[in-house]
Amino acid sequence: MIATPSMTGKTVLITGGTGGIGRAAAVGLATMGARVGITGRDRPRAEEAAAAIASDSSNPAVDVFVADMSSQAEVRRLAVEVLAAYPRLDVLLNNVGGFWAHRHMTADGLEQTFALNHLAPFLLTNLLLDRLIASAPARIVTVSSGAQSMGKIDFDDLMGERKYSGSDAYNQSKLANVMFTYELARRLEGTGVTATALHPGLTSTAFSAEDPSMGLLVKLLRPFMKSPARGAETPIYLASSSQVEGITGEYFSGRKAKKSHESSYDTAANARLWQLSADLVGLQVAPPMRTAIRSG
Ligand SMILES: NC(=O)c1ccc[n+]([C@@H]2O[C@H](COP(=O)([O-])OP(=O)(O)OC[C@H]3O[C@@H](n4cnc5c(N)ncnc54)[C@H](OP(=O)(O)O)[C@@H]3O)[C@@H](O)[C@H]2O)c1
């Protein structure tokens, strides 16, 4: 039997901790003793979730951050608030993600799926990177999906301007999560900060609820889905287990390292995606390891 790891003294930030997999991960990590920060778009909903997480985990150290992460200005404000609140950050769990059958634009004029699922964790991670490095050993865990295996990065049409399909956009964004993780791990070599990505498994959550066209499919699949607590097992494992101490640049499913889409091992493509993402969020890439924030 494997002992439950202690997270006492550790601080964890979970994006999208108000429901689904993020909330279940928050309960799991708070139960292990971590101080947990959750994010959500709506303050009352986030505060209600934080109170429930504190009660379910018997740990009052649950903090709320409010941001719509589809907006880069809000991601930047969120990062400022997190840096002010947390002198150390041991784990960043990039969990927020969504699916849209129809093409939507963000406040920044970017396609919603790419902006929320990929650019938001890319920007937030980079803005928190110095704090994570200063807190090493630290972990950056990004929730991808098995959908990454069907993904293709369309470098000529990243935002689906010419042709949009909800599943292509989602699969692309989840492959981007893996490629981001591998490039991040490469850039973080020698810092003591690890980067891993994962598939949580098909989990019964509010996922895609903003898109009514998915309703029937979700209803049909619901009986075969995991509970959020089971869906949170792999993120909790990667955030806390000594078994994955020092493991970086890997993709996990069911707590096991798995091969990801072949194209995610193309280091030139990963570096290209990194540079394009940095341009889209206004970060200057400073090789070999660090990304500097452009002033202004
Ligand atoms: N469920 C599955 O079967 C499954 C399978 C594979 C991968 N995944 C991945 O798992 C992750 C979590 O999914 P889930 O199923 O737990 O989804 P969920 O139940 O819809 O939860 C999503 C969380 O993200 C937050 N959120 C949504 N849009 C946001 C935005 N614009 N800005 C800030 N926060 C936002 C929500 O908070 P508020 O609504 O309170 O703002 C909520 O806390 C996603 O990355 C998804 O791609 C899920």
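# Close-up views of a ligand-holding model

**View 1. About 40 Å³ of space lies in the largest cavity.** Welcome to this predicted model. The structure holds three cavities of 30 Å³ or more, and this close-up shows the largest cavity. Its lining is made up of Met 69, Ser 70, Gln 72, Val 75, Asp 108, Leu 110, Ala 115, Leu 119, Ala 120 and Leu 123. Sorted by class, these lining residues are seven nonpolar, two polar and one charged.

**View 2. Two helices contribute to the wall of the largest cavity, helix 3 (72-85) and helix 4 (112-134).** Each of these helices supplies at least two residues of the lining. Helix 4 gives the largest share, with four residues. To find your way around, you can look for Leu 119, one of the residues that line the largest cavity.

**View 3. Here we turn to the largest pocket, with a volume of about 1,300 Å³.** The lining of this pocket counts 50 residues. Nearest the centre of the pocket lie Gly 97, Gly 98, Thr 205, Phe 207 and Ser 208. Helix 1, strand 2 (35-40), helix 4, helix 5 and helix 6 (215-221) are the elements that give two or more residues to the lining. Among these elements, helix 5 provides the largest share, four residues. By class, the lining of the pocket has 22 nonpolar, 22 polar and six charged residues.

**View 4. The ligand takes up the space of the largest pocket.** Two elements each give two or more residues to the shell around the ligand: helix 1 (20-31) and helix 5 (166-187). In total, 30 residues surround the ligand. The closest of them are Thr 18, Arg 41, Tyr 170, Thr 203 and Thr 205. Thr 205 is also among the residues nearest the centre of the pocket. The shell divides into eleven nonpolar, 15 polar and four charged residues.

**View 5. Oxygen atoms of the ligand meet polar atoms of Tyr 170, Asn 95 and Ala 206.** At Tyr 170, the partner is an N or O atom in the side chain, 2.6 Å from a ligand oxygen. At Asn 95, a polar backbone atom lies 2.8 Å from an oxygen of the ligand. At Ala 206, the partner is again a polar backbone atom, and the distance to a ligand oxygen is 3.1 Å. Taken alone, the ligand exposes 890 Å², and the protein buries 93% of that area.

**View 6. A cis peptide bond runs from Ala 136 to Pro 137.** Its omega angle is near 5 degrees. To locate this bond, follow the chain into the loop between helix 4 and strand 5 (138-143), where Pro 137 has its place.

**View 7. Ser 58 has a positive phi, although this residue is not a glycine.** The phi angle of Ser 58 is about 55 degrees. You will find Ser 58 in the loop that links helix 2 (43-57) to strand 3 (62-66).

Key. Residues are numbered from 1 along each chain as its sequence is written. This is a predicted model: local features need pLDDT of at least 70, side-chain atom pairs count only at pLDDT 80 or more; totals for chains, interfaces and linings use all residues. Side-chain values use heavy atoms; hydrogens and water are left out. A residue is near a molecule or strand if one of its heavy atoms lies within 4 Å of it. A polar contact is a pair of N or O atoms within 3.5 Å; within protein, one must be able to donate a hydrogen and the other to accept it, and residues adjacent in sequence count only if both atoms are side-chain atoms. Accessible areas come from the Shrake-Rupley method with a 1.4 Å probe; for residues, only the protein chains shown count as cover. On a 1 Å grid over the protein atoms alone, a cavity is a set of points where a 1.4 Å probe fits but cannot get out, and a pocket is an open set with protein on both sides within 12 Å along at least five of seven lines; lining residues have an atom within 4 Å of a point. A molecule sits in a cavity or pocket if more than half of its atoms lie within 2 Å of its grid points. Ala, Val, Leu, Ile, Met, Phe, Trp, Tyr, Cys and Pro count as nonpolar, Asp, Glu, Lys and Arg as charged, and the others, Gly among them, as polar. Grid points are joined across faces, edges and corners, and a volume is the space filled by probe spheres set on the points.
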